[in-house]
Amino acid sequence: MVAGCSSISGDGGNEKRREIVTGTTSAPSTLDPAAAWDGSWELYKNVFQTLLSFPSSSSSPEPDAAKRCGFTDSASRVYRCTLKEGLKFSNGNPLDARAVKHSVDRVLAIKAKSGPLGLMGSLERTEAPDKRTVVFHLKKSDATFPFILATPATAIVDPETYPAKKLRKGSKLVGSGPYSLKSYSKGKRAELTKYNGYRGPAKAKNDVVTIEYFQDSKKMVTALKDKKIDVAFRGLTPDQVSGFQKSQANGNQEVELTELLGTEISYLVFNPKDRMAGNAAVRKAVAELIDRKALVRNVYNRTTDPLYSMVPGGITGHTAAYYDRYGDPSRDKAKQTLTEAGINKKVPLKLWYTTDRYGSTTGETFAELKRQLNKSGLFDVSVQGRPWSEFVEGYSKGKYPVFGRGWFPDFPDADNYVAPFVGKNNALATPYDNREITDKLLPKSRKESNRATASRDFTQAQKIIAKDARLLPLWQGRVYVASLKDVAGVEWVLDPSTLPRLWELHKKSSW
């Protein structure tokens, strides 16, 4: 038996390497972590190391490149990490405190428009007093800072190959994570090989992972069925998910579908400077009319769940604030709200969405929203789609009365579903200045290292957001991963931020 296990494990020099091929519709926009705050993180998660990371069994960050980390003061303003000994990048250069400081400082120095600078708002300066010690000094109390250190926003890069004040170009990268990037073809393919010099908690159960990038999910699913890829983990449409579910129910086990807890949300944003969208009565009438259950049934085949708060289920601090305030959809309540505000004619409103960012069902979503609102007889709604680049430019300049956005969390904490969307300079380029949230509740919550205790502040924040109705949550996503029947480890492949841990995947016959 021992000899048999050895012969299939792939550990011997002459044995066949354990290989996995995955498919996704989410391709990196860049290979430099200082320039990406998007789906590029899916690749970074596997090739770069961070001081902290999320373990399989918890949404609280634990040491990765660090041996230990913690706040050294009661105000949560000084955070110290001690690195493990002997860490090296894949090119052999040492990974020390200087490298960590360099990696964080260059994000602040480069200030890439598409980069993660927005996550560094609480950081004042970083010090490296010796080779293994890094000290982060914060401008204000921020108990969420350890979560940020567990994201690819703070991916550790080699100072010798990543310039301090400009982005690195090319199709190669140098990291210290579980894998090295062997080859990369932009928008087509990335080949990862196990990095034997990695010293962290991840235990790779394969030797090589090839990531195939697809432009549309139909081709990706065809490749899975043709066994050209082993796993499809991003980009499945509701119809494809339903198809796999029916196939499994009918006894076809060639492809297995795994459902995992999702933390993606979809929501509407109202422009306060627009004559109609800036009217609180109009916003509240929309909130009283939207039928989320019908939306997830008619458009998503129940592969998403109705969402009644900006903080989704599964995140500590979640409430159903919108349902508590507005209840079930009601034309009568919406009409009364508009009438009391002196609005007695149909409300003209234009809803905007992006055509190439959140999947092919986005257009169907907005068609359903239009149908629901116009059916009430209280609104005259039209919808318009734009490619992502044009869409961002449009809402950034305040051209859209109402527009749709999606959100994949940077880290699994209620703060990341509230803080990015409020304040004068938020992630939506649409000011939402509520001082109760920005000046009182968020600062108070960030002093709480016990995030369960902080949930009381987020409960209050969600009530305020629901009352203002400047943001309107629609649905919370479920995550589906389709895989061939001989692939194991799928249930562990996504971390709490839904980034892929490709090292968990392996063929059942080789483990």
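**Figure 1. Packing of helix 7 against helix 10 in the predicted model.** Helix 7 spans residues 280-289 and helix 10 spans residues 331-340. Their axes lie 8 Å apart and make an angle of about 175 degrees. Angles over 145 degrees count as roughly antiparallel, and helix 7 and helix 10 are therefore roughly antiparallel to each other. On the side of helix 7, the contact is made by A281, V282, K284, A285, E288 and L289. Helix 10 contributes R331, K333, A334, T337 and L338. By class, the residues of this contact between helix 7 and helix 10 comprise 6 nonpolar, 1 polar and 4 charged.

**Figure 2. The open sheet of 4 strands.** The strand order is 4-5-7-6, and the pairing is antiparallel. Strand 4 (66-71) and strand 6 (123-130) are at the edges; each has a single partner strand, so one side of each has no neighbour in the sheet. On average, neighbouring strands of this sheet are turned by 15 degrees against each other, with direction ignored. Strand 7 covers residues 133-138 and pairs with strand 6 in the antiparallel sense over 5 bridges. R125 has H137 of strand 7 as its bridge partner.

**Figure 3. Helix 3 on the sheet of Figure 2.** Helix 3 consists of residues 97-110 and packs on the sheet. Helix 3 touches strand 5 (78-83), strand 6 and strand 7. The direction of helix 3 makes about 160 degrees with that of strand 6.

**Figure 4. The open sheet of 6 strands.** Here the order is 14-18-13-17-15-16, and the pairing is mixed. Strand 14 (304-306) and strand 16 (379-386) are the edge strands, each pairing on one side only. The average turn between neighbouring strands of this sheet is 25 degrees, direction ignored. Strand 15 pairs with strand 17 in the parallel sense over 2 bridges. L351 is found opposite V402 of strand 17.

**Figure 5. Helix 11 on the sheet of Figure 4.** Helix 11 packs on the sheet and touches strand 13, strand 15, strand 16, strand 17 and strand 18 (471-477). The direction of helix 11 makes about 170 degrees with that of strand 16. Helix 11 consists of residues 361-375 and also supplies at least two residues of the lining of the largest cavity, the subject of the next view.

**Figure 6. The largest cavity and its lining.** The count of cavities of 30 Å³ or more comes to 5. The largest cavity holds about 110 Å³ of space. Its lining is made of 15 residues, of which S266, Y358, T362, R405 and W475 lie nearest the centre. Besides helix 11, the elements that each supply at least two lining residues are strand 13 (265-270), strand 15 (347-354) and strand 17 (402-407). By class, the lining of the largest cavity consists of 7 nonpolar, 6 polar and 2 charged residues.

**Figure 7. The second largest cavity and its lining.** This cavity has a volume of about 50 Å³. The lining residues are T24, S26, P28, G39, E42, L43, I211, Y213, F233, P500 and L502. Helix 2 (41-47) and strand 10 (208-213) are the elements that give two or more residues to this lining. The lining of the second largest cavity divides into 7 nonpolar, 3 polar and 1 charged residues.

**Figure 8. The second largest pocket and its lining.** About 590 Å³ of space lies in the second largest pocket. The pocket is lined by 31 residues, and S58, S59, S60, P412 and P496 are those nearest its centre. Two or more lining residues come from each of helix 4 (145-148) and helix 14 (451-468). Helix 14 gives the most, with 4 residues. By class, the lining of the second largest pocket holds 17 nonpolar, 9 polar and 5 charged residues.

Definitions and conventions
Residues are numbered from 1 along each chain as its sequence is written. This is a predicted model: local features need pLDDT of at least 70, side-chain atom pairs count only at pLDDT 80 or more; totals for chains, interfaces and linings use all residues. Side-chain values use heavy atoms; hydrogens and water are left out. Axes are lines fitted to C-alpha atoms, for helices over the stretch in contact, and angles run from 0 to 180 degrees between N-to-C directions. Angles under 35 degrees count as roughly parallel, over 145 as roughly antiparallel, 65 to 115 as roughly perpendicular and the rest as oblique. Contact means heavy atoms within 4.5 Å. Ala, Val, Leu, Ile, Met, Phe, Trp, Tyr, Cys and Pro count as nonpolar, Asp, Glu, Lys and Arg as charged, and the others, Gly among them, as polar. Two strands pair if DSSP finds at least two bridges between them. On a 1 Å grid over the protein atoms alone, a cavity is a set of points where a 1.4 Å probe fits but cannot get out, and a pocket is an open set with protein on both sides within 12 Å along at least five of seven lines; lining residues have an atom within 4 Å of a point. Grid points are joined across faces, edges and corners, and a volume is the space filled by probe spheres set on the points.
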